[in-house]
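These are my notebook entries on a protein structure. I record what I looked up, entry by entry.

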Amino acid sequence: MSDQATGAEVLTGAQSLVRSLEHAGADVVFGIPGGAILPAYDPLYDSTKVRHILVRHEQGAGHAAEGYAMVTGKVGVCMATSGPGATNLVTPIADAHMDSVPMVAITGQVPGPSIGTDAFQEADIRGITMPITKHSFLVTKPEDIAGAIASAFHIAGTGRPGPVLVDITKDALQAKGDFEWPQHLDLPGYRPVTKPHSKQVREAAKLIAAASRPVLYVGGGVHKAGAAKELKILAELTGIPVVTTLMALGTFPDSHPQNMGMPGMHGTVAAVGALQRSDLLIALGTRFDDRVTGKLSSFAPLAKVIHADIDPAEISKNRHADVPIVGDAKEVITELISLLKADDRPLDIADWAHYLRDLKKRYPRGYDMPDDGSLSPQHVIQRIGEITGPDAYYASGVGQHQMWSAAFLPWELPGRWLNSGGLGTMGYCVPAAMGAKVGRPDATVWGIDGDGCFQMTNQELVTCALEGIPVKIAVINNQSLGMVRQWQTLFYESRYSNTDLKTNRIPDFPKLAEAMGCVGLRAEDPEDVDSVIDKALSINDVPVVVEFVVHKDAMIWPMVAAGASNDDIQVARNMAPTWDGETL
Ligand SMILES: Cc1ncc(C[n+]2csc(CCOP(=O)(O)OP(=O)(O)O)c2C)c(N)n1
C-alpha cells in the first residue's frame, strides 16, 4: 500500500522496523520476544535478510551482538521486550559503552498512553541507559521508526563507536504510517571529527623528533580505526618502542622486537617501565585508564604527552595532553608518517631502545608449574594458543584467566581478542564467543572462561547447539573466584570469604555441556592437555566445552596493587624488579 499524497509506502511500525533493519544491513539480530516487542517478531518471521537468533537470556543477546560487532566491524544488533527484557540488556549496553563497541539495542516499550503509569513490564529503559549509551531514541510513531533506526546505526558505527538504544512503543509498532528509508540524516550537533588538525600533527612530529625516550602507547582505538598497518609503518620508521593495552592486543604483533607488551596492573615490566621512564608518550586511541596508569599522580612523571583520539572528551580527561589531536587514528598516524619521512632525521633513541629490550629480556612473562602434579592454568592457556594459532578468535571472561589469556595467547594479528576491558563483566565470554562465531563462521573461536564466569551465562551454549554455532569453550576451573581470591591472599591475610566456588564436580562441567547439546571434555592430568585440545579442535559440528581442572593457588603476575604507583610493580609476591640502567 502506498500513501497517495507522499508516494511513501504505508506499513505497520513493525514492518517498518524490519524493513529498516534490512536497509541498515543488519543480517543478524540476537534477541528474545515478549509482549511489547511482539508485533515486530511477526514480520521478522518472514524476513529473508535478517536472521534472528533466539538466545536464552537478554544479557547473552547483548554480548553476542558485541562479539559479532568486534569481529565483523559492523554494528551488532540485539532486541528485547520492555521491562525485564530491556533491563537485562543494561549490562551489555554498559559493556559496549566502556569498550566502544558499535551496537544497536532495540527494545519494545509499553504503549505510549501507558508510559508513566507503572504499566505491566514498564521500565524507563531510556532513562536507565542514558549515561551508558552514545545516544537513545524513544519512538512513539510508526513513521519515525525508519529515521530512528538509520540514525542509530550511523551514530553507533561512526566516530567513537558505541551503543545506541531504540525504544519503540507497542502502539507505534502496531499502527500504520509512512515508511521511507531516509537518504539524509538530520543529526544536528553530531559531526565526529576524523581529520586531525595539521598544526597539531606538526607539533607532535616536532616533539617526536626531539624526544629521547618516546613510547607509542597504543589503545583499542587504533584497531577500531583499521590502522594496525599504519602503526607498524610508524613504529618501524622511527624505531620507537610500543606498548599495547589490553584492548589493543594484536594491533602490533607481540613477537615484534619493538613490542614491550601490555602496560598496567598486570602488564609486563618492560611495558610498565617504558611508560614510567618515558619522556614522551605518543598515546593513540587510548584513554589513560586507571588500570594502565595506576596512581595517576605518579604515572609517567617525566613524560610529555601527545594524545590522539577521535573522542575529544578523552583528551586531557585523566592526564594533561601537551599536544592534543582530535581525529581518526589512521589519519593521524598517516600524517605523522609523512611528516617524519619528510624530516628524514633518525631519532636518537638507541640507548632507550636498548634499555627496554634488556628489561624485556630480564623480565619475561613466565610461570611456575605446580609441584603437586596438577595443571597449571597458564600452561593450559598457552598450549591452547600454541596449538590453535594466532589466526583464531579468542574471547575471555573476567578474572585471572582473562589476564593469563592476555599474557600467554599469541597476539600476532589485530582484532582477534574479545574481552570486557572497561566494565570487567563476568559472563561476557560464552555469548561474545557465540557472536564472534556467527560473524566469522569459518574461523576457530575459543572462549577461555573461568568457572565463576561460566556459571553466569553458559546457557547460551544451548543457543549455540541449536543454532549451529560450534564455539569451543575452555573452562579454567580453579574452584574459586580466582582473581578475588588472589586479592584476599595478598591484601586480606588469606581470609577467603566467599570465594570458594567448590566447583569440584558441582556442577560437573562436561555433563552440563552434554546436557546443553555440546561435547563435554575434561583434562586433569598435565599429560592430557594437548590431546584434549586436539580433540576439541577436531570437533567442528557442535560446540565443545573442555574443563581444565587447574591448581587453585596460581596467581597472575606481575601486579601493581590497586591505587599503587606503577613504580611499585611486583614481578612475584614481595619481589620488585631492579631497574638497572635507569639513569638513562
Ligand atoms: C558481574 C561481575 N560480578 C562480580 C565481579 C567481580 N569479579 C571480578 S573477577 C571475579 C572472579 C572471577 O572468577 P572466575 O570466573 O572463576 O575466574 P578466575 O579469576 O578464577 O580466573 C569476580 C567475582 C565482576 N567482575 N563481574
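**Entry 1: Ser20**

I began with Ser20, which I located in helix α1, covering residues 13-24. The model is a predicted one. Is Ser20 buried or exposed? Its relative accessibility is 0%, so I entered Ser20 as buried. I then listed its contacts, setting aside neighbours within four places in sequence: Ser20 meets Ile145, Ala146, Ile149, Phe179 and Trp181.

**Entry 2: The whole protein**

I next turned to the protein as a whole. I noted 23 helices and 19 strands. Does the radius of gyration agree with that of a compact globule, or disagree? For 584 residues a compact globule would have a radius near 25 Å, and the protein has 25 Å, so the two agree. Along the principal axes, the C-alpha trace spans about 80 × 60 × 40 Å.

I also looked up how much of the chain is covered. Of the 584 residues, 58% are buried. The accessible surface comes to about 23000 Å², and carbon and sulfur atoms account for 51% of that surface. Among contacts with a separation of 6 or more, 75% are between residues 24 or more positions apart.

For the charges, I found 49 positive and 67 negative ones. The mean positions of these two sets are 4 Å apart.

**Entry 3: The nonpolar cores**

Which residues have the most contacts inside the largest nonpolar core? I recorded Ile208, Leu216 and Leu281, in a core of 62 residues. Another core lies apart from it and has 50 residues, including Val55, Ala86, Ala96 and Cys429.

I followed Leu281 further. Without its neighbours within four places in sequence, Leu281 is in contact with Val215, Tyr217, Leu275, Phe288 and Phe299. Its list continues with Ala300, Ala303, Lys304, Val305 and Ile306.

**Entry 4: Met369**

I found Met369 in the loop between α15 (350-362) and α16 (377-388). Its relative accessibility is 44%, and therefore Met369 counts as partly exposed. Beyond residues up to four places away in sequence, Met369 touches Ser376 and His379.

I also checked a distance. How far apart in space are Met369 and Arg126? From C-alpha to C-alpha they are 50 Å apart, with their positions 243 residues apart in sequence.

**Entry 5: Backbone angles**

Before this search I noted a general rule. Most peptide bonds are trans, and most residues other than glycine have a negative phi.

I looked up two peptide bonds that are cis. One runs from Ile506 to Pro507, with omega near -5 degrees. Pro507 sits in the loop between α21 (482-491) and α22 (509-515). A cis bond also joins Trp557 and Pro558, where omega is about -5 degrees. Pro558 belongs to the segment after β19 (544-549).

I then looked at positive phi values. Gln121 is not a glycine, yet its phi is positive, at about 60 degrees. I placed Gln121 in the loop between β5 (103-109) and α6 (125-129). With a relative accessible area of 26%, Gln121 is partly exposed.

Gln479, also not a glycine, has a positive phi of about 55 degrees. I placed Gln479 in the loop between β17 (472-477) and α21. Why does Gln479 count as buried? Its relative accessible area is 18%, and the cut-off for a buried residue is under 20%.

**Entry 6: Gln400 and Asn477**

I closed with two further residues. Gln400 lies in helix α17, residues 400-408. I entered Gln400 as buried because its relative accessibility is 3%. Which residues does Gln400 touch, not counting those up to four places away in sequence? I listed Asn478, Gly482, Met483, Gln486, Ala554, Met555 and Ile556. I also noted that the C-alpha atoms of Gln400 and Ile476 are separated by 9.4 Å, although these residues are 76 apart along the chain.

Asn477 is part of strand β17. With a relative accessible area of 1%, Asn477 is buried. Not counting residues up to four places away in sequence, Asn477 touches Asp451, Thr503, Phe509, Glu547, Phe548, Val549 and Val550.

Key: Residues numbered from 1 in each chain as written. Predicted model: local features only at pLDDT ≥ 70, side-chain atom pairs only at ≥ 80, totals over all residues. Heavy atoms only, no water. Helix = DSSP H or I, 4+ residues; strand = E, 2+ residues; numbered from the N terminus. Buried < 20%, exposed > 50% of the residue type's maximum accessible area, 1.4 Å probe, protein only. Contact = heavy atoms within 4.5 Å. Rg over C-alpha atoms; globule rule 2.2 N^0.38 Å. Areas by Shrake-Rupley, 256 points an atom, 1.4 Å probe, with all protein chains shown as cover. Lys, Arg positive; Asp, Glu negative; His and termini not counted. Charge placed at Lys NZ, Arg CZ, Asp CG, Glu CD. Core = buried A, V, L, I, M, F, W, Y, C linked by side-chain atoms within 4.5 Å.
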